[in-house]
Amino acid sequence: MNQAIALDVKDLEVRYGGIQAVRGISFSVNPGEIVTMIGANGAGKSSTLRAIAGAVPHAGTIRIGGEVIRTDHPEEIVRRGLSLVPEGRGIFANLSIEENLRLGAWTNREAYDVNLSKVFGLFPRLRERRNQMAGTLSGGEQQMLAVGRALMSRSKILLLDEPSMGLAPKLVLEIFAILRDINKAGVTLLIVEQNAVMALRLAHRACLLELGSITLSGSGAELLENPKIRSAYLGH
Ligand SMILES: Nc1ncnc2c1ncn2[C@@H]1O[C@H](COP(=O)(O)OP(=O)(O)O)[C@@H](O)[C@H]1O
Ligand SMILES: [Mg+2]
């Protein structure tokens with residue numbers, strides 16, 4: 001078994017011109033773990049995930065499986081087994097489900113059929129609708145497609161940006177149950193959420209991001225019990 005830390009982030013900074021969105025944060029994710037980062041709108045959660053996935057420039061050090069990432073090329077990062085499921089899902093509305101999944105397999109074409117049947121096994125609804133245009137899917141189905149597409153590159157680490165956003169409560173439960181299954185199958189997860197309760201219940205470890213800095217960290221259960229989290233994010 002690989003003992004290296006799956007993802008190690010040290011002194012990460014992200015700037016957009018004069019705005020410093022992420023102010024030198026450090027955290028790590030162990031193999032097989034679910035870590036969640038919660039925080040209000042604008043805290044810098046998406047910027048953190050985008051920086052790790054190579055979608056925005058950063059300062060600081062990012063290691064995947066112990067190796068320092070020296071590139072901001074998303075392609076290179078996906079090859080190392082890390083994929084981002086972006087905020088708003090980023091699927092192609094005018095392509096079918098299967099065409100979207102094929103795009104997810106661009107770094108790993110040899111295993112296409114095997115990966116496709118695995119993804120369809122996780123999401124039977126996608127199999128039934130494989131030729132349907134993605135834009136006609138419900139919000140929950142689009143989120144399943146976005147997760148399925150990331151899994152097509154046989155990722156060992158998935159970064160999920162607000163997977164529950166815009167979904168009805170029943171679908172939120174369904175998506176979180178699927179994330180638990182994906183993790184049980186051996187995929188390491190870093191989940192960013194505003195839905196703090198669901199995320200903290202699912203996560204092994206968690207941190208709170210405020211104005212670009214980590215201000216609290218601990219187990220998911222510890223953060224759920226924390227008075228500050230309870231009043232600011234759980235409404236009691
Ligand atoms: N492309 C961008 N250009 C300029 N500022 C940005 C950009 N993306 C995000 N920001 C700013 O960076 C800060 C953090 O944003 P973001 O990472 O999206 O936070 P969160 O995902 O926690 O809501 C915010 O102040 C936001 O306005
Ligand atoms: Mg965001």
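Me: Let's start with Ile-157. What stands opposite this residue in S8?

Reply: Thr-188 does. Keep in mind that this is a predicted model. Ile-157 belongs to strand S7 (residues 157-161), and S7 pairs with S8 in the parallel sense. Further along, Asp-161 has Val-192 as its bridge partner in S8.

Me: What makes S7 and S8 a pair?

Reply: Count the bridges. Two strands need at least two bridges to pair, and S7 and S8 have five. That clears the cut-off, so "pair" is the right word here.

Me: How does the chain get from S7 to S8, and what is the handedness of that crossover?

Reply: After S7 the chain goes through helix H7 (residues 169-184) and then reaches S8, which makes a right-handed β-α-β crossover. Want to try this on screen? Turn the strands so that they point away from you: a clockwise path from the first strand over the helix to the second is what earns the name "right-handed".

Me: Which other strands join up with S7 and S8?

Reply: S8 also has strand S3 (residues 34-38), running parallel and joined by five bridges. Ile-34, for instance, has Leu-189 as its bridge partner in S8. S7 is joined to strand S6 (residues 82-85) by four bridges, again in parallel, and Val-85 stands opposite Leu-160 there.

Me: Why is S8 called largely enclosed?

Reply: Check its residues one by one. A residue is buried if 20 or more other C-beta atoms lie within 10 Å of its own. In S8 (residues 188-193), six of the six residues are buried, so the rest of the structure largely encloses this strand.

Me: How do you know that both sides of S8 are covered?

Reply: Side chains in a regular strand alternate between the two faces of the sheet. In S8, Thr-188, Leu-190 and Val-192 point one way, while Leu-189, Ile-191 and Glu-193 point the other way, and all of them are buried.

Me: What about S7: why is that strand called largely enclosed?

Reply: Here five of the five residues are buried, so S7 is largely enclosed too. One side has Ile-157, Leu-159 and Asp-161, the other has Leu-158 and Leu-160, and both faces are covered.

Me: Which residues have the most contacts inside the largest nonpolar core?

Reply: They are Ile-38, Val-85, Leu-145, Leu-158, Leu-159, Leu-189 and Ile-191, in a core of 65 residues. Helix H6 (residues 139-151) gives this core its largest share, six residues. As for Ile-38, the residues it touches include Ala-196, Leu-200, Leu-208 and Tyr-233.

Me: Why is Arg-230 called partly exposed?

Reply: Set its count against the limits. Exposed stops at 12 or fewer C-beta atoms within 10 Å, and buried starts at 20. Arg-230 has 14 others within 10 Å, so it falls in between. This residue is found in helix H10 (residues 227-233).

Me: Why is Asp-11 called exposed, then?

Reply: Asp-11 has 12 other C-beta atoms within 10 Å. The rule says 12 or fewer, so this value still counts as exposed. Asp-11 is found in strand S1, and its phi is near 55°, a positive value in a residue other than glycine.

Me: How do you know that Leu-211 is partly exposed?

Reply: Leu-211 has 14 C-beta neighbours inside 10 Å. That lies between the limits of 12 and 20, so "partly exposed" fits. You'll find Leu-211 in the loop between strand S9 (205-210) and strand S10 (213-219). Its phi is positive as well, about 45°, although it is not a glycine.

Me: What makes S2 and S5 edge strands?

Reply: Each pairs on one side only. They belong to an open, antiparallel sheet of four strands, in the order S2-S1-S4-S5. Within that sheet, strand S1 (residues 7-16) and S2 pair over eight bridges, with Arg-15 opposite Gln-20 in S2.

Me: One more: how do the residues of the shell around ligand 1 divide?

Reply: Into four nonpolar, six polar and one charged. Lys counts as charged, and Lys-45 is one of the residues around ligand 1. Gly counts as polar, and the shell includes Gly-39, Gly-42 and Gly-44. Helix H1 gives the most to this shell, with three residues.

Definitions and conventions: Residues numbered from 1 in each chain as written. Chains lettered and ligands numbered in written order. Predicted model: local features only at pLDDT ≥ 70, side-chain atom pairs only at ≥ 80, totals over all residues. Core = buried A, V, L, I, M, F, W, Y, C linked by C-beta atoms within 7 Å. Helix = DSSP H or I, 4+ residues; strand = E, 2+ residues; numbered from the N terminus. Contact = placed C-beta atoms within 7 Å. Near = placed C-beta within 6 Å. Lists of a residue's contacts leave out its neighbours within four places in sequence.
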